[in-house]
Amino acid sequence: TGIAAALPQTAGMVRLVDGISTDAVPGKSGALFGSLRSLLADHSEALEPYVGAAVDADLNIFAAAHQAFAADGVALVVPPGEAIADPFFIDIQAATDGAVSFPRIVLVAGQSSQASVVIRYRSDDDLRALVVPHLELFAADNSQLKVTVVQHWGRGTTAISHVRAIVGRDGHVHLGEAGLGGAMSRLQLTVDMEGNGSSANIIGAYLGDNNQTLDYRYTMHHQGVNTNSDMFLKGAVQDEALSVFTGMIRIDEDAQKTNAYQTNRNLILSDGASAQSVPNMEILANDVRCGHGSTMGPLDEEQRYYLMSRGLDEPRTNRVLVHGFFNEALAKFPEPAIADVVTSWIDTKYRTAQE
């Protein structure tokens, strides 16, 4: 798939097709990893407290449908104290035309554990499908959980994704998402920093073309004392594509000494494209450091002039600048091995649109 080739070694691999596990290579670590349905049958005491505990069925009609109809998924439970260097790979595919699927991913990092997970979403361009993934993350006290998501749905797929992370004392979640595909793709993310000293880094890179809609709705909820969060998203739209970013930093009254920031930068590469950026903050504590930055506009004319004066033609100049724009975000992705693959896909997608 390109992603798999970029990961020379993995701690295990599971493939879901239309929400059902079809292929699995279990890892050699001490973690539980595999089909959610199978693991629930054999290890119910380890998984039942987590399945469906993060994403609320009352969130919207799609979340309610997922809770009602999800039949299978992938689960990872890392035992306390276990540090697993190689990433786990989850390949999620929509394959049946006209179908609705509900893949569920449950990732649990035990106390003082470390793990990395790479998730790829994909489908063929001519496939018409609706996919409603749920990704539920649980980072226990002093754990570190890294998750890299590559959203590469085909042009006929609509995706409504819900992600929620719950982070314990001194725990850390590092989540990166590359948004490339889909007719319409929505990602609704909530990170609850419940424990004192908990933290989260959220990185995003997205590129829309034709008439795609990429919709990001992020909430960083600070509940513990001395918590930290950083949202950093870069996106570009061309043709008649639309991107929407709605970011919320919510700091509870008792969440003193919080440090939180959100950044969203957008390139508008054609007259018909548009981007919306709506950063919000709800601050109830009085001892915090909090801020946001949001920009949108075309490629920098001074940079374009400089490169063209050095002999580059206009299309090549634009490609160099778009490539450089995304590098800053991709360099921060949790799994560095994925950055080169995503960079190549972004470059190809933009070059094709230019042509």
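The largest pocket in this predicted model has a volume of about 360 Å³. Twenty residues make up its lining, and if you want to find the middle of the pocket, look for D125, H152, W153, R155 and L180, which lie nearest its centre. What kinds of residues form the lining of the largest pocket? They divide into nine polar, seven charged and four nonpolar. Strand 8 and helix 7 each supply at least two of these lining residues, and helix 7 gives the most, with five.

That makes helix 7 a good next stop. Helix 7 covers residues 336-354, and its 19 residues should span 27 Å at 1.5 Å a residue; the C-alpha atoms at its two ends are 28 Å apart, which agrees. Part of the helix is tucked away: I338, A339, V341, V342, T343, I346, K349 and Y350 are its buried residues. And what do those buried residues pack against? The list takes in two helices, helix 1 (3-6) and helix 6 (314-330), along with strand 8 (114-122), strand 11 (144-152), strand 13 (172-179) and strand 15 (199-208). So strand 8 turns up both as a packing partner of helix 7 and as a contributor to the pocket lining.

Follow the contact from helix 7 over to helix 6. Helix 6 has 17 residues and reaches 24 Å from its first C-alpha to its last, close to the 24 Å expected at 1.5 Å a residue. Its buried residues are T317, N318, L321, V322, F325, F326, A329 and L330. These pack against helix 7, of course, but also against helix 5 (301-309), strand 15, strand 17 and strand 19 (258-268). Strand 15 is worth a second look here, since the buried residues of helix 6 pack against it and so do the buried residues of helix 7.

Now for a space you can't reach from outside. The count comes to one cavity of 30 Å³ or more, and the largest cavity has a volume of about 110 Å³. Its lining is made of Y121, L135, V149, Q151, W153, S161, V163, L175, E177, S185, R186 and L187. Which elements give two or more residues to that lining? They are strand 11, strand 12 (157-167), strand 13 and strand 14 (184-193), with strand 14 providing the largest share, three residues. By type, the lining divides into seven nonpolar, three polar and two charged residues. W153 is a name you have met before: it lines this cavity, and it is also among the residues that lie nearest the centre of the largest pocket.

Some loops deserve a visit too. D170 sits in the loop between strand 12 and strand 13. Its phi is positive, about 60 degrees, although D170 is not a glycine. With 39% relative accessibility, D170 counts as partly exposed, because that value falls between the 20% limit for buried and the 50% limit for exposed. D239 tells a similar story: this residue, which isn't a glycine, has a positive phi of about 60 degrees. You will find D239 in the loop between strand 17 (228-237) and strand 18 (242-251), where its relative accessible area of 29% makes it partly exposed.

A third loop residue, A70, lies between helix 4 (61-69) and strand 4 (73-78). A70 is partly exposed as well, at a relative accessible area of 26%. Leaving out residues up to four places away in sequence, A70 touches A65 and F102. How far apart are A70 and G19 in sequence and in space? They are separated by 51 residues along the chain, while their C-alpha atoms are 7.5 Å apart.

Finally, step back to see the whole chain. Its secondary structure comes to seven helices and 21 strands. The radius of gyration is 20 Å, close to the 20 Å that the globule rule gives for 355 residues, so the chain is as compact as a globular protein of that length. Along its principal axes, the C-alpha trace spans about 65 × 50 × 40 Å. Buried residues account for 52% of the 355 residues. And if you take the contacts between residues at least 6 apart in sequence, 84% join residues at least 24 apart.

Note on methods. Residues numbered from 1 in each chain as written. Predicted model: local features only at pLDDT ≥ 70, side-chain atom pairs only at ≥ 80, totals over all residues. Heavy atoms only, no water. Helix = DSSP H or I, 4+ residues; strand = E, 2+ residues; numbered from the N terminus. Expected span 1.5 Å × (residues − 1). Buried < 20%, exposed > 50% of the residue type's maximum accessible area, 1.4 Å probe, protein only. Contact = heavy atoms within 4.5 Å. 1 Å grid on protein atoms, 1.4 Å probe; cavity = no way out; pocket = protein on both sides within 12 Å on 5 of 7 lines; lining within 4 Å. Points joined across faces, edges and corners; volume = space filled by probe spheres on them. Nonpolar A, V, L, I, M, F, W, Y, C, P; charged D, E, K, R; others polar. Rg over C-alpha atoms; globule rule 2.2 N^0.38 Å.
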